[in-house]
Amino acid sequence: QLYLESYNSMLTDAAWFGDWQGAIEQLREMRRMGIPPDTSSYLATISACRRGKAKWEHSLELIEEMWQKDLDPDVACYSKAIQALEEGGGSAKAEDLRDELRSWGAAPQAERFHTTPMMRWQRQVKRY
């Protein structure tokens, strides 16, 4: 638990500074060390990608990776990914993510509200 909190703290710092390459590398290092990233780890990494102006594909790949690792992305993760997609020129894919939220019963602008409780969504892994 202590290691996870330490890594998440480093990821949060990377997000603050927009160091998306460092954040992605921290996720890789966590896995190498046998520390499975949690939702907070991915949220910070997606935030780093958005703030650091990474290619929008990185944010989308991180959401997809969460699904593949059986870690349900919450509305906050989707929100940051949608912002990254819209700011980076992937607005069509951003709308796809919004549609996913709507299909699960989330309100059309649900990605704006980070206090929405995490749901266990049943979703088939998609390839974009």
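A helix here is a DSSP run of H or I that is at least four residues long, with helices numbered from the N terminus, and this naming is used throughout the tour of what is a predicted model.

Begin with helix α3, residues 39-51, which gives the most to the lining of the largest pocket, with seven residues. To see the whole lining, select Asn8, Thr12, Ala15, Trp16, Ser40, Ser41, Leu43, Ala44, Ser47, Arg50, Arg51 and Lys80. The volume enclosed there is about 200 Å³. Colouring by element shows that α1 (2-17) joins α3 in supplying at least two residues each to this lining. If you colour by class instead, four of the lining residues are nonpolar, five are polar and three are charged.

Next, move to the second largest pocket, where about 150 Å³ of space lies, and select Ile24, Leu27, Arg28, Arg31, His58, Glu61, Leu62 and Glu65 as its lining. The elements that give two or more residues to this lining are α2 and α4. Its composition by class is three nonpolar, one polar and four charged residues.

Keep Arg31 and Glu65 selected, since both belong to that lining, and display their side chains, which meet in a salt bridge with an N to O distance of 2.2 Å. Arg31 sits in helix α2 (residues 20-32) and Glu65 in helix α4 (residues 56-68), so this pair ties together parts that lie 34 residues apart in sequence. With a relative accessible area of 31%, Arg31 is partly exposed.

The last stop is helix α6, residues 91-103. Select Arg102 and look for its acidic partners: Asp99 forms a salt bridge with Arg102, with the closest N and O atoms 2.8 Å apart, and because these two residues are three apart in the helix, they are separated by about one helical turn. Salt bridges that share partners join Glu86, Glu95, Arg98, Asp99 and Arg102 into one network, so it is worth extending the selection to those five residues. Within that group, Glu95 also forms a salt bridge with Arg102, where the closest N and O atoms are 3.0 Å apart.

How exposed are the residues of these two pairs, Glu95, Asp99 and Arg102? Glu95 is partly exposed at a relative accessible area of 32%, Asp99 is partly exposed at 38%, and Arg102 is partly exposed at 31%.

To finish, display the salt bridges across the structure, which holds eight of them.

Notes: Residues are numbered from 1 along each chain as its sequence is written. This is a predicted model: local features need pLDDT of at least 70, side-chain atom pairs count only at pLDDT 80 or more; totals for chains, interfaces and linings use all residues. Side-chain values use heavy atoms; hydrogens and water are left out. A salt bridge is a side-chain nitrogen of Lys or Arg within 4 Å of a carboxyl oxygen of Asp or Glu. Buried means under 20% relative accessible area, exposed over 50%, partly exposed in between (1.4 Å probe, protein chains only). On a 1 Å grid over the protein atoms alone, a cavity is a set of points where a 1.4 Å probe fits but cannot get out, and a pocket is an open set with protein on both sides within 12 Å along at least five of seven lines; lining residues have an atom within 4 Å of a point. Grid points are joined across faces, edges and corners, and a volume is the space filled by probe spheres set on the points. Ala, Val, Leu, Ile, Met, Phe, Trp, Tyr, Cys and Pro count as nonpolar, Asp, Glu, Lys and Arg as charged, and the others, Gly among them, as polar.
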